[in-house]
Amino acid sequence: MNNFNRRDFIKLMGISTAAVATPSLLKTASAAGFSPRVVVVGSGFAGSTVAKHLRLWSNNVIDVTVVDPHASHVSCVMSNLVVNQQLSMLDITFQHTILNEKYGVNFIQSSVSSINHDAAEKQVFLENGQVISCDYIVLAPGISFDDIPGLDHQKVPHAWIAGPQTELLRDKMKAISGGDTFVMTIPKAPYRCPPGPYERACVIADMMKKKGGGKVIVLDLNPKIIVEEHMFSNAFSEIYGGIVEYIPNITINSVDSDNLIVYTNQGKFEADVLNVIPTHRAGKIITDLGFNTVADRWADINPISYELNDTPDVFVIGDSSGTSQPKSGHMANSQAKICADAIIRKIANRPLDSEERLANLTTNSACYSPITDKTATWLTAGFAYNKIEHKMKAIPASLGEAELHHVDHYKDMFSWSKNLFENTFM
Ligand SMILES: Cc1cc2nc3c(=O)[nH]c(=O)nc-3n(C[C@H](O)[C@H](O)[C@H](O)COP(=O)(O)OP(=O)(O)OC[C@H]3O[C@@H](n4cnc5c(N)ncnc54)[C@H](O)[C@@H]3O)c2cc1C
């Protein structure tokens, strides 16, 4: 799949909607004066997409409330280009008022501290003291990080949840000088955006090269580069030869955040800028509720609905869900549409497992990675539901990656991300 282009991405975005239930399915509920209520926890890629599509596809019959502590979402997608100042924070920030104004999604700015899911009428408890009653709950809280002794993210940014952390890393990079050393760590897979850390190493190495040189030490907790191995290993050894040093099989013991030193199984590494990205787990609320039953980290969901396997009417989508699909914004958008369709069918009392629906159940993911400040590469994967194994499995023909980093891919990256942002947040 070498001639992958923007049109293919747009097509992929379309098929991910699976077999969408039409609004007419909800006529009965609506006519009976029954207004189903859904509360969505988190308004990132997964949460915003499900909220928007629940309203759109139910013809506004479903009452949808989104809760998130932030008034706007700062996208991780494209955030490495804020670090190298090719983009501004504004370029990757999306106001939640848009979904309210365009689709009537209610938005409450707060954090969800707990839920009560035992009764048919569910409750969502907010940190501001509010309690919201509803019929269905969608949890889309993204990721949280493992603790590392000594790690203080105000001194050692992860910049892996975009926002103030992105600005902190950008500002540290503004102050870094030629000849300095940047040390970063790559979390154990699965983590969000499989090529993302290698992309960051390239973006930083490009900055160091422009400053006249320096070192970028990449400490990978995995045994090797986990995606686009040929592309990234070539970039490290050829474009950034003498700058990037890649070391796999790392175990982090501790971090000295004041002196910017990371202690590992392969010795200590001293940095002028230290960027530790800890290993991920589901968003904290998932762990607090005891839903982290997949590998003690992720939520155990039914892939045809994203409903929790042992908790009816509670759904988990996006990076918090425990599936073999990559954790990406594109994938979160895809999963959210299947979840919206499933909730609408449940409300309309229509089966989720009809032959036609299962045959159309697909998701997809794409990640673009800048390699220099003018070229990029891409990676894509599509998944289809496998009835025998009851899981989403990669479609071999859909697996693809760019052969070369190229200026055209760099341009396509902006069209693709614009399309994803619009489909999700607008
Ligand atoms: C550098 C980088 C580059 C990337 N590039 C790509 C790419 O090219 N392509 C791609 O598809 N993906 C990419 N990604 C991955 C993508 O950003 C994530 O996979 C995506 O954000 C996951 O969506 P999500 O909705 O699960 O989580 P998020 O988008 O992180 O949203 C989670 C939301 O939940 C909220 N929340 C958490 N807890 C609570 C609570 N208790 N109550 C209320 N709200 C809560 C948070 O405030 C947040 O708004 C990249 C990531 C990084 C870091």
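This briefing covers the ligand site and two open sheets of the structure above. The model is predicted. Its ligand has 34 residues around it, and the protein buries 93% of the 1000 Å² that the ligand exposes when taken alone. One open sheet has four strands with parallel pairing; another has six strands with mixed pairing.

**Surroundings of the ligand**

- Ala46, Asp68, Arg192, Asp319 and His330 come nearest among the 34 residues around the ligand.
- By residue class, the shell divides into 17 nonpolar, 13 polar and four charged residues.
- Domain 1 (6-144 + 280-425) and domain 2 (147-276) each supply at least three residues to the shell.

**Backbone contacts to the ligand**

- At Val112, a polar backbone atom is 2.9 Å from a nitrogen atom of the ligand.
- Gly329 also places a backbone N or O atom 2.9 Å from a nitrogen atom of the ligand.
- At Ser328, the polar backbone atom is 3.4 Å from an oxygen atom of the ligand.
- Two or more residues of the shell come from each of these elements: helix 3 (45-57), strand 2 (63-68), helix 10 (329-347) and strand 21 (362-370).

**The four-strand sheet**

- The strand order in this open sheet is 13-12-11-17, and the pairing is parallel.
- Strand 13 (244-247) and strand 17 (273-276) are the edge strands; each has a single partner strand, so one side of each lacks a neighbour in the sheet.
- From one strand to the next, the twist averages 10°.
- Six bridges join strand 11 (residues 181-186) to strand 12 (residues 215-220) in the parallel sense.
- Thr185 has Leu219 of strand 12 as its bridge partner.

**The six-strand sheet**

- This open sheet runs in the order 5-2-1-9-20-19, with mixed pairing.
- Its edges are strand 5 (106-109) and strand 19 (307-308); because each has a single partner strand, one side of each is left without a neighbour in the sheet.
- Strand 19 pairs with strand 20 (residues 311-316) in the antiparallel sense, over two bridges.
- Opposite Glu307 stands Phe315 in strand 20.
- Strand 2 has a place in this sheet order, and strand 2 (63-68) is also among the elements that give two or more residues to the shell around the ligand.

Technical notes
Residues are numbered from 1 along each chain as its sequence is written. This is a predicted model: local features need pLDDT of at least 70, side-chain atom pairs count only at pLDDT 80 or more; totals for chains, interfaces and linings use all residues. Side-chain values use heavy atoms; hydrogens and water are left out. A residue is near a molecule or strand if one of its heavy atoms lies within 4 Å of it. A polar contact is a pair of N or O atoms within 3.5 Å; within protein, one must be able to donate a hydrogen and the other to accept it, and residues adjacent in sequence count only if both atoms are side-chain atoms. Accessible areas come from the Shrake-Rupley method with a 1.4 Å probe; for residues, only the protein chains shown count as cover. Ala, Val, Leu, Ile, Met, Phe, Trp, Tyr, Cys and Pro count as nonpolar, Asp, Glu, Lys and Arg as charged, and the others, Gly among them, as polar. Domain bounds come from an automatic or database domain assignment. Two strands pair if DSSP finds at least two bridges between them. Axes are lines fitted to C-alpha atoms, for helices over the stretch in contact, and angles run from 0 to 180 degrees between N-to-C directions.
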